[in-house]
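Reader: I'm new to this one and would like a close look at a single part. Could you take me through the domain that holds the big sheet, and show me how it connects to what is around it?

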Amino acid sequence: MLISERLANIKPSGVRRIFDLARQMKDPINLSIGEPDFDIPEPLKEEGIAWIRKGFNKYTPTQGIPELREKIADHLKKKGIHFEEVMVTAGVTGGLLLASLALINPGDEVIIPDPFFVMYEYQILLMGGTPVFADTYPDFRLREEEFAKKLTRRTKFIIINSPNNPTGAVYPKEDLMMVVRLARKRDLLILSDDIYDNFVFDEPACPCMGQLYEKTITFGGFSKGWAMTGWRLGYVAGPREIVQQMITLQQYTFSSVNSFAQKAATKALDFNVDDYIEGYRRKRDIVYEGLKEKFNVQKPRGAFYIFPEVPGGNGEAFVERAIQNNVFVVPGSVFSKRNTNIRISFAAPDEKLFKGIEILNRIA
Ligand code: PLP
C-alpha cells in the first residue's frame, strides 16, 4: 500500500460536486471567499519590499525573528493574554499543525464547538485523534449541558474559535467562563484560535480565552487583519513546555517561516486597521438587514461571515440553486455535522453583496 494508514480517515470533501459545479461558473457573484477583499496596506507592502531589496531573504531563526516575537509578546500582554513563550508560525495553519503534532496521541478526543473551521477536524484525524463536536445551534452559544455530555476521560483539549468562522459569532464572556470551569476541573488545555480578533463590530474588543485561563494556547495571525493570506504568517503563545516542543517540531518540518513577511508584520501590529473594520461592519449590516426577512439568521458580531439557515433546511440543495443563479456560497455542511445553513462571506464589493442578496432572497 503506497499511501500511509494515517490518511485512511482523510477523505475528499463530500461536497466536491458542488465545488466542481462552482468551478464552471463564469464571472460568478462569489461570496465564498475566506479572505479580506482589500490588499495588504501599502506601507506594509513597502516594508516587505524594502527588506527583500536589502537582502533579508535567507532562513530566519526557527522560532521567528526576535523583534517580531517581542512585538507579539507586547501585543498579547496589552490584551491581558496569559502565556510564557511565543513563536512565529507559517500562518495559524502551521501553528495548529504543530500543536496537533505535539499534543494528540491516537485515541485522544478533542472537543470542537459545531459549526467549526474545517481544518481542526482533519488535523485531529491526521494524528489519529477523534474530533468530538459540541452543538451550538441555533444561536451559536456554548452550552454547559452540551459540553458536559461530550467530555470523557479521553478528552485532551478543547478548541475555541471566536470570532468564529463560519458563524461570525463572538462568544460572550460568560460562555467562555463556563468552558474554563469545565476545563479547570479536569486540568484540560484550551486552544484558542483568535485569527479574527481584529474583526469585532459591536464592542471595542472581544473577550479571549487567553485572558481567562492560564492553560490556553493562543493562535493569532496576519492573514485576516492585515490581508497577508499569501505571506503565510501567524503566531502561537502559551505554556513554555508546549511552545518549546512546537519550536523543535518546526525545526524539523517548516524549518523557519517567511523572512520579509516577518519584518513587515513587525510593523503591522502598530498599523491601525480600524477603517477597514468599519467598512466590514457596514457590509455586515447590509447583508444581515438584506437577509433577515427571508432567512432565519443570527447577526454576526465578528469575522466576515454570516451563516443563515435556509428555508426548507437543505443547505447543499440551496447552494446548487444559488450556483445555477450565478451566486457562489458554501454549504454549511462543510463546517458542520448539520446541513441546514449556508456560509456567506461578506468580504466582497458592495455591488456584489446587493446583487447576491437579491438573488438569494429570490431563491428563498
Ligand atoms: N483559523 C480560522 C478560523 C480560519 O478561518 C483560517 C482561514 O480561513 C485560518 C485559521 C487559517 O489562517 P492562516 O492563513 O493564518 O493559516
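Author: Let's settle one term before we start: two residues are in contact when heavy atoms of theirs lie within 4.5 Å. Keep in mind, too, that this is a predicted model.

With that in hand, here's the layout. The domain assignment splits the chain into domain 1, made of 5–40 plus 273–363, and domain 2, which covers 58–268. Their centres, taken over C-alpha atoms, are 24 Å apart. The two do touch: 34 residues of domain 1 are in contact with 36 residues of domain 2.

Now for the sheet you asked about. It's an open sheet of 7 strands, and if you walk across it you meet them in the order E2-E8-E7-E6-E5-E3-E4, with mixed pairing. At the edges stand E2 (85–89) and E4 (130–135); each has a single partner strand, so one side of each is left without a neighbour in the sheet. On average, neighbouring strands here are turned by 20° against each other, if you ignore direction.

Zoom in on one pair. Strand E7, residues 216–221, runs antiparallel to strand E8, residues 234–238, and 4 bridges link them. One residue to look for is Gly221, whose bridge partner in E8 is Gly234. Then there's helix H3 (residues 66–79), which packs on the sheet and touches both E2 and E8; its direction makes about 120° with that of E2.

Follow H3 to residue 79 and you reach Lys79, the last position in that helix's range. Its side chain is joined to that of Asp197 by a polar contact of 2.7 Å. Asp197 itself sits in a loop, the one between strand E6 (189–193) and helix H8 (209–212). Setting aside its neighbours within four places in sequence, Asp197 is in contact with Lys79 and Pro163.

Next, the ligand. There are 13 residues around it, and Thr93, Asp193, Tyr196, Ser223 and Lys224 come nearest. Some of these offer polar side-chain atoms. For Thr93, such an atom lies 2.5 Å from an oxygen atom of the ligand. Ser223 also has one by a ligand oxygen, at 2.6 Å. Asp193 places a polar side-chain atom 2.6 Å from a nitrogen atom of the ligand. How much of the ligand gets covered up? Taken alone it exposes 400 Å², and the protein buries 92% of that.

While you're in domain 2, have a look at two loops with a twist in the backbone. As a rule, most peptide bonds are trans. The bond joining Tyr137 and Pro138 is cis, though, with omega about -5°. You'll find Pro138 in the loop between E4 and helix H6 (144–150). The other cis bond to look at goes from Asn165 to Pro166, with omega near 20°. That proline belongs to the loop between strand E5 (155–161) and helix H7 (173–186).

To finish, a quick glance at domain 1 for context. Asp27 is in the loop between helix H1 (16–23) and strand E1 (29–30). Its phi is near 50°, a positive value in a residue other than glycine. There's also an open sheet of 3 strands, antiparallel, in the order E9-E12-E11. Strands E9 (305–306) and E11 (330–331) stand at its edges, each with a single partner strand, so one side of each has no neighbour in the sheet. E9 pairs with strand E12, residues 342–345, in the antiparallel sense over 2 bridges. Ile306 has Ile344 as its bridge partner in E12.

Terms used: Residues numbered from 1 in each chain as written. Predicted model: local features only at pLDDT ≥ 70, side-chain atom pairs only at ≥ 80, totals over all residues. Heavy atoms only, no water. Pairing = 2+ DSSP bridges. Helix = DSSP H or I, 4+ residues; strand = E, 2+ residues; numbered from the N terminus. Axes fitted to C-alpha atoms, helices over the stretch in contact; angles between N-to-C directions. Near = heavy atom within 4 Å. Polar contact = N/O pair within 3.5 Å; in protein donor to acceptor, adjacent residues only side chain to side chain. Areas by Shrake-Rupley, 256 points an atom, 1.4 Å probe, with all protein chains shown as cover. Domains from an automatic or database assignment.
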